[in-house]
Amino acid sequence: MNEQKLKIAVLVSGNGSNLQVLIDAQKTAELPIEIVGVISNREDAYAIERANQAGINVAVLSHTPSGKRMKISTFEQHALEQLKQWQPDLIVLAGFMRVLSGDFINACPAPMINLHPSLLPKFKGLDTHARAIETGETYHGCSVHVVTAELDAGAVIAQALLKINASDTAETLQNRVHELEYKILPWSINLIAKGMFANGDKKLDLNNLPHPTCLPALPWKLAFVE
Ligand code: GRF
């Protein structure tokens, strides 16, 4: 895995600004990755446009041929077929807004990571920025974690954190956290691509997260705090 590019598939639902960061990093070869495909569960996601512009395979899995919005089980069935075809080494959820079943996660041909806008285990689920302000947190940020059947509960690989300002609203905080996301996602993928989490057979293994014992325990935290 060390010399080769890490093949990644990205699942999206919306704007895709994190996808764009990965596309740019692939283009400049800053990251040793090849985005083998993008799956969107929404036909109106701007992420689709970004992938198209970069000439990346896109599968839009939003509606059935009869025009009905796909149930999650139908989405998963098609997504699985597509992923098996693309054969990624890693699946990245970057702004993917549906909850995936354990059966799907286990059947996927590669391990999966998610980018979540909070310092897990705090604030799983939605509206993380508003909830962090409401509860008077001092720090907030984002996490890259392994996806498991339990929502936002898999092992956290890395976190980036900032200090909440007194003047922050949910919107300003979200914007500030986005800037951290653009750092922590490529940073984490780089570690994975460099073989940091490869097992004895040099295969990516996010179940055990093996890493040299001379390094600090996970999650690794990047602080952007004055
Ligand atoms: C990010 O804030 C991410 O943390 C969350 O969804 C958002 C996606 O933004 N899971 P974008 O689509 O990458 O712009």
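Which residues form one aromatic cluster with W187? The cluster consists of W187, F197 and W220, and this tour of a predicted model will return to it after the sheet and the helices have been visited.

**Stop 1: the sheet**

Begin by displaying the strands alone. There are 8 of them, and they form an open sheet with mixed pairing, in the order β3-β2-β1-β4-β5-β6-β7-β8. Select residues 58-60 and then 220-224: these are β3 and β8, the strands at the edges, and each has a single partner strand, so one side of each is left without a neighbour in the sheet. Looking from one strand to the next, the twist averages 20°.

Now select residues 156-163, which make up strand β7; this strand pairs with β8 in the parallel sense over 5 bridges. To place the pairing at residue level, display L161, which stands opposite A223 of β8.

**Stop 2: helices laid on the sheet**

Select residues 17-27 for helix α1. This helix lies across β1 (6-12), β2 (33-40) and β5 (112-116), and runs at about 155° to β2. Add residues 72-86, helix α3, which packs on the sheet and touches β1, β2, β3 and β4 (90-93). The direction of α3 makes about 160° with that of β2.

Within helix α1, pick N18. Its relative accessibility is 8%, below the 20% limit, so N18 counts as buried. Beyond its neighbours within four places in sequence, N18 is in contact with A94, L115, H178, E181, Y182 and L185.

**Stop 3: β4 and its two neighbours**

Colour β4 next. In a regular strand, side chains alternate between the two faces of the sheet. In β4, L90 and V92 point one way while I91 and L93 point the other way, and all are buried.

On one side, β4 runs parallel to β1, with 4 bridges joining the two; A9 has I91 as its bridge partner in β4. β4 also runs parallel to β5, to which 3 bridges join it. Here the bridge partner of V92 in β5 is I113.

Is β5 itself enclosed or open? Of its 5 residues, 5 are buried, so β5 is largely enclosed by the rest of the structure. Both of its faces are covered: M112, N114 and H116 are buried on one side, and I113 and L115 on the other.

**Stop 4: F104**

Move to helix α4 and select F104. With a relative accessibility of 3%, F104 counts as buried. Setting aside neighbours within four places in sequence, the residues in contact with F104 are E76, A79, L80, L83 and M112. For a distance label, join the C-alpha atoms of F104 and L80: they are separated by 7.5 Å, although these residues are 24 residues apart along the chain.

**Stop 5: aromatic pairs**

The structure holds 3 aromatic pairs. Show the rings of F75 and F96. Their centres are 5.4 Å apart and their planes stand at 25°, so this pair is stacked. F75 lies in helix α3, whereas F96 lies in the loop between β4 and α4 (102-107), so the pair ties together parts that are 21 residues apart in sequence. F75 is buried, with a relative accessible area of 2%, and F96 is buried at 7%.

Then turn to F197 and W220. The ring centres lie 6.1 Å apart with the planes at 25°, so this pair is stacked as well. F197 belongs to the loop between α6 (170-193) and β8, and W220 to strand β8, so the pair ties together parts that are 23 residues apart in sequence. F197 and W220 are both buried. Add W187 to the selection to complete the cluster named at the outset.

**Stop 6: the largest pocket**

Finally, display the surface of the largest pocket, which has a volume of about 790 Å³. Which residues are the closest to its centre? Of the 34 residues that line this pocket, they are G95, F96, M97, L115 and P117. F96 was met in the stacked pair with F75, and L115 is among the contacts of N18.

To outline the lining by element, colour α1, β5, α5 (128-134) and α6, the elements that give two or more residues to it. The largest share, 4 residues, comes from α6.

How values were computed:
Residues are numbered from 1 along each chain as its sequence is written. This is a predicted model: local features need pLDDT of at least 70, side-chain atom pairs count only at pLDDT 80 or more; totals for chains, interfaces and linings use all residues. Side-chain values use heavy atoms; hydrogens and water are left out. Two strands pair if DSSP finds at least two bridges between them. Axes are lines fitted to C-alpha atoms, for helices over the stretch in contact, and angles run from 0 to 180 degrees between N-to-C directions. Contact means heavy atoms within 4.5 Å. Rings of Phe, Tyr and Trp (its six-membered ring) pair if their centres lie within 6.5 Å; planes under 30 degrees apart count as stacked, over 60 as edge-to-face and the rest as tilted. Buried means under 20% relative accessible area, exposed over 50%, partly exposed in between (1.4 Å probe, protein chains only). On a 1 Å grid over the protein atoms alone, a cavity is a set of points where a 1.4 Å probe fits but cannot get out, and a pocket is an open set with protein on both sides within 12 Å along at least five of seven lines; lining residues have an atom within 4 Å of a point. Grid points are joined across faces, edges and corners, and a volume is the space filled by probe spheres set on the points.
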